[in-house]
Amino acid sequence: ATHEETLGFQTEVKQLLHLMIHSLYSNREIFLRELISNGADACDKLRYQALDNDSLYEGDSELRIEIEHDAEAGTVTLRDNGIGMSREDVIQNLGTIAKSGTAEFLKQLSGEQQKDAKLIGQFGVGFYSSFIVADEVTVRTRRADLPHDAGVEWHSKGEGEFTIADIERDARGTEIVLHLKEDAKEFADDFRLKSLVRKYSDHIEVPVRMPKVDKDDEGNETYGWETVNEATALWVRPKSEITEDEYKAFYKHVAHDFSDPLTWSHNKVEGKLEYTSLLYVPERAPFDLYERDGARGLKLYVQRVFIMDDAEQFLPLYLRFVKGVIDTKDLSLNVSRELLQQDPQVEKLKSALTKRALDMLKKLSKDEEKYQTFWNTFGSVLKEGPAEDYGNRDKIAELLRFSTTHTDSATQDQSLAAYVERMKEGQQKIYYIVADSFNAAKHSPHLEIFRKKGIEVLLLSDRIDEWLMSHLTEYDGKSFVDIAKGDLDLGEIEGEEEKQAQEETAKAKEDLVKRVQESLGDDVQEVRITHRLTDSPACVVLPEHEMGFQMRRIMEAAGQ
Ligand code: ADP
Ligand code: MG
């Protein structure tokens with residue numbers, strides 16, 4: 001080995017390694033899934049690049065992953081003949097964490113095993129999970145487009161630094177040797193490894209093979225390989241033949257998540273558009289859900305050939321929590337991110353997939369408990385929907401959940417359908433109030449008259465709520481009314497007598513109104529008699545078309 005140097009891991013890697021080793025102990029076996037997943041990704045990438053450069057195969061186009069073990073030495077070796085890595089690739093990929101927001105994410109980790117295990121799961125630990133079971137890891141690799149003397153050897157004990165050296169390497173692709181820790185030697189076992197491959201990697205299209213010894217009748221041994229996983233892309237198989245566990249395992253592969261998905265939807269469509277989609281709703285939010293450049297989008301395949309990860313063009317932003325795969329015949333194999341932006345087929349696929357995703361959520365909403373989990377996690381993202389996707393606003397409206405005066409609970413669990421169901425006789429509008437916090441909304445003086453009359457009001461206090469309501473004009477033919485704005489007309493809910501009484505009061509108090517107006521001067525636009533209060537003497541109301549309090553604050557914060 002030449003040109004050997006020792007480099008330090010990026011601080012974030014050190015932190016992650018430390019936390020992972022301590023918090024993922026009871027989840028140790030996932031290291032195999034992560035490494036197989038990387039091998040499969042590497043094969044996918046090579047196949048894609050070889051589409052217009054056949055020579056990358058170097059005469060060996062049978063892509064595969066091999067797993068060997070040596071119980072005596074206590075090692076497990078994974079090998080793939082995928083794309084491989086250059087020296088720079090290795091330093092970048094196996095020395096740093098490129099994901100944005102990593103530092104903030106790591107700050108949230110508490111040091112408590114169980115809590116951290118969950119958090120790390122949503123982060124996706126990948127290659128570094130090797131160090132959960134190994135106290136020494138050696139990686140040998142060569143990138144497919146580089147000569148044999150451009151091989152690289154990476155070595156580390158996971159303790160803050162790694163060495164890297166140039167080596168001669170005939171085989172392209174990557175080999176990873178794990179020197180198992182004393183208490184992880186159990187993984188250097190044929191049966192154990194096979195069952196883990198089947199458990200986690202059946203759905204991976206690349207064959208995963210392990211050595212096999214055959215004995216003939218005379219006792220002669222021959223050595224060969226046996227493919228251990230099913231090795232067909234999961235989404236290609238008929239729905240009826242795929243088990244729940246297989247769907248779940250596949251989710252973990254595409255979403256880099258440890259926990260099961262909440263739900264999924266698998267569709268094969270033929271006709272004008274031809275595609276297969278497999279969409280999932282995660283149970284937990286990824287750490288970068290609100291990061292501008294957070295990972296989002298689907299894994300894109302064209303006729304089964306992997307094209308790219310995180311293809312964002314197939315779903316609107318407000319559905320960015322959806323994970324999964326789209327495989328289509330309607331795009332060309334050499335489509336790039338730039339070309340995707342111009343391709344009219346993409347727009348059609350996007351609109352079809354958006355409908356699929358909304359339908360999937362609608363179905364999920366039939367299971368109240370699961371839907372509540374979904375809503376608590378992703379509700380405020382879905383609330384971006386009516387503004388972004390006007391065409392689907394009715395479908396989105398059905399999926400919204402609110403806090404209301406019906407329950408007076410901060411849990412957002414009431415649908416608009418349930419509100420409409422409970423509307424008073426003669427009530428034609430859906431009433432709401434927006435405030436900075438749930439408690440401020442719940443105790444607003446504007447509610448007094450509504451509580452007295454038993455009319456339900458939506459209690460809104462998410463940052464996005466005013467934005468949402470400015471794009472949600474009606475539901476089921478009923479318009480929305482902000483009870484803190486403009487004249488309050490309770491329409492036919494109020495009887496004639498009540499109206500007359502109100503008019504009489506207004507007349508009797510004309511003098512008072514005049515005096516208040518004079519003393520407040522230019523601080524207010526107008527002073528009026530109100531019937532919306534029953535206990536408080538007065539309240540401030542915004543003119544009907546004025547920007548609300550929340551929006552004003554947002555605009556001010558943005559320097560407007
Ligand atoms: P992720 O797979 O989520 O990107 P990993 O930690 O698993 O994160 O891997 C980091 C990067 O290292 C990968 O994105 C890839 O570029 C590179 N890598 C890891 N394993 C391999 C491999 N077997 N062959 C080629 N590249 C690999
Ligand atoms: Mg990975």
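**Overall architecture, central sheet and ligand shell**

Among the contacts in the protein chain with a separation of 6 or more, 71% join residues 24 or more positions apart. The model discussed here is a predicted one. Its protein chain has 560 residues, of which 36% count as buried. Taken along the principal axes, the C-alpha atoms fill a box of roughly 110 × 50 × 40 Å. The secondary structure comes to 20 helices and 19 strands.

A good place to begin the tour is the sheet. Nine strands make up an open sheet with mixed pairing, in the order S1-S6-S5-S4-S7-S3-S2-S8-S9. Strand S1 (2-8) and strand S9 (221-227) are the edge strands, each pairing on one side only. From one strand to the next, the twist averages 20 degrees. In general, strands of a sheet pair through backbone hydrogen bonds, in either a parallel or an antiparallel sense. The antiparallel case is illustrated by strand S5 (residues 151-156) and strand S6 (residues 161-167), which pair over six bridges. Within this part of the sheet, Glu153 has Ala165 of S6 as its bridge partner.

Helix H2 (residues 30-50) packs on the sheet, where it touches strand S2 (65-70), strand S3 (75-80), strand S7 (173-180) and strand S8 (208-215). The direction of H2 makes about 20 degrees with that of S3. H2 also takes part in the surroundings of ligand 1: with five residues, this helix gives the most to the shell. There are 16 residues around ligand 1, and Asn38, Ala42, Asn93, Gly126 and Phe127 come nearest. By character, the shell divides into nine polar, four nonpolar and three charged residues.

Helix H8 (residues 244-255) rewards a closer look. The end C-alpha atoms of H8 are 16 Å apart, which agrees with the 16 Å that its 12 residues should span at 1.5 Å a residue. Buried positions in H8 are Tyr247, Ala249, Phe250, Tyr251, Lys252, His253, Val254 and Ala255. The cover over these buried residues includes two helices, H2 and helix H7 (190-201). Strands contribute to that cover as well, including strand S10 (263-269), strand S11 (275-281), strand S12 (298-302) and strand S14 (323-328). H2 thus appears in three settings: packed on the sheet, in the shell around ligand 1, and in the cover of H8. After H8 comes His256, whose phi is positive, near 55 degrees.

Notes: Residues numbered from 1 in each chain as written. Chains lettered and ligands numbered in written order. Predicted model: local features only at pLDDT ≥ 70, side-chain atom pairs only at ≥ 80, totals over all residues. Pairing = 2+ DSSP bridges. Helix = DSSP H or I, 4+ residues; strand = E, 2+ residues; numbered from the N terminus. Axes fitted to C-alpha atoms, helices over the stretch in contact; angles between N-to-C directions. Contact = placed C-beta atoms within 7 Å. Near = placed C-beta within 6 Å. Nonpolar A, V, L, I, M, F, W, Y, C, P; charged D, E, K, R; others polar. Buried ≥ 20, exposed ≤ 12 C-beta atoms within 10 Å, placed from the backbone. Expected span 1.5 Å × (residues − 1).
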